[in-house]
Amino acid sequence: MENNIAELFLYKGSKTRENLETNNVGVINFTDNPELFVDTALVSEYLPPLCFDKQGMAYLQNAKIIWGFTVMSIDEYKNPARFVLKINYAKVLSPMIFSRAYAAIIEA
């Protein structure tokens, strides 16, 4: 993230892309928990518990860091489409611990 601007690249057919094209706002959840990552990254019937911050934004209960954002622009002529995001707030909920074992699980 530079100057509170981030980029997100999303393919056609992804639920996240559909949501952002419709709603124009969102939250990025950072986690070091591989099970939470898998449950949310893959289409799953299980949705982890959500919390709400003071602005009313939903985020994952076990997220370590959250970024609330607004979509500034979409270059939808490419696949994946490029979404330019304005990070409105970033909050560290708890320290994020890097673990090579966790990284290996997530990559697998």
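N4 comes out as partly exposed in this predicted model, with a relative accessible area of 38%. The residue sits in the segment before β1, and its backbone is a bit unusual: phi is positive, at about 60 degrees, although N4 is not a glycine. A second asparagine does much the same thing. N24, found in the loop between α1 and β2, has a positive phi near 70 degrees, again in a residue other than glycine. With a relative accessibility of 33%, N24 also counts as partly exposed. For context, most residues other than glycine have a negative phi, and most peptide bonds are trans. The peptide bond between N79 and P80 goes against the second of these habits: it is cis, with omega at about 15 degrees. P80 belongs to the loop between β5 and β6.

Stepping back to the whole chain, the protein has three helices and six strands. Read from the N terminus, the elements follow the order β-α-β-α-β-β-β-β-α. Of the 108 residues, 26% are buried. The surface adds up to about 7,600 Å², and carbon and sulfur atoms account for 54% of that exposed area. Sequence-distant contacts are well represented: taking contacts between residues at least 6 apart in sequence, 65% link residues at least 24 apart.

Four of the strands make up an open sheet, arranged β1-β6-β5-β2 with antiparallel pairing. β1 and β2 (25–30) are the edge strands, each of them pairing on one side only. From one strand to the next, the twist averages 40 degrees. Within the sheet, β5 and β6 are joined by ten bridges, in the antiparallel sense. One bridge involves D75, whose partner in β6 is R82.

Packing comes next. The largest nonpolar core is built from ten residues, namely A6, L10, L20, W67, F69, V71, A81, F83, L85 and I87. β1 (5–10), β5 (65–75) and β6 (81–92) each put in at least two of these residues, and β6 gives the largest share, with four. Apart from this core there is another one, made of seven residues that include M57, Y59, L60 and Y89.

L10, a member of the ten-residue core, is a handy place to look at how the pieces meet. Leaving aside residues up to four places away in sequence, L10 touches T16, R17, L20, N79, P80, A81 and F83. That list takes in both N79 and P80, the two residues joined by the cis peptide bond.

R17 is the other residue worth a look here. This arginine is part of helix α1 (residues 15–23). Is R17 buried or exposed? Its relative accessible area is just 5%, so R17 counts as buried, the cut-off being under 20%. The R17 side chain also reaches the backbone oxygen of L10, at 3.3 Å. Again not counting residues up to four places away in sequence, R17 touches L10, Y11, K12, E76, K78, N79, A81 and F83. Three of these neighbours, L10, A81 and F83, appear in the largest nonpolar core as well. N79, on one side of the cis bond, is a contact of R17 and of L10.

Notes:
Residues are numbered from 1 along each chain as its sequence is written. This is a predicted model: local features need pLDDT of at least 70, side-chain atom pairs count only at pLDDT 80 or more; totals for chains, interfaces and linings use all residues. Side-chain values use heavy atoms; hydrogens and water are left out. A nonpolar core is a set of buried Ala, Val, Leu, Ile, Met, Phe, Trp, Tyr and Cys residues joined through side-chain atoms within 4.5 Å. Buried means under 20% relative accessible area, exposed over 50%, partly exposed in between (1.4 Å probe, protein chains only). Helices (H or I, at least four residues) and strands (E, at least two) are DSSP runs, numbered from the N terminus. Contact means heavy atoms within 4.5 Å. Two strands pair if DSSP finds at least two bridges between them. Axes are lines fitted to C-alpha atoms, for helices over the stretch in contact, and angles run from 0 to 180 degrees between N-to-C directions. A polar contact is a pair of N or O atoms within 3.5 Å; within protein, one must be able to donate a hydrogen and the other to accept it, and residues adjacent in sequence count only if both atoms are side-chain atoms. Accessible areas come from the Shrake-Rupley method with a 1.4 Å probe; for residues, only the protein chains shown count as cover.
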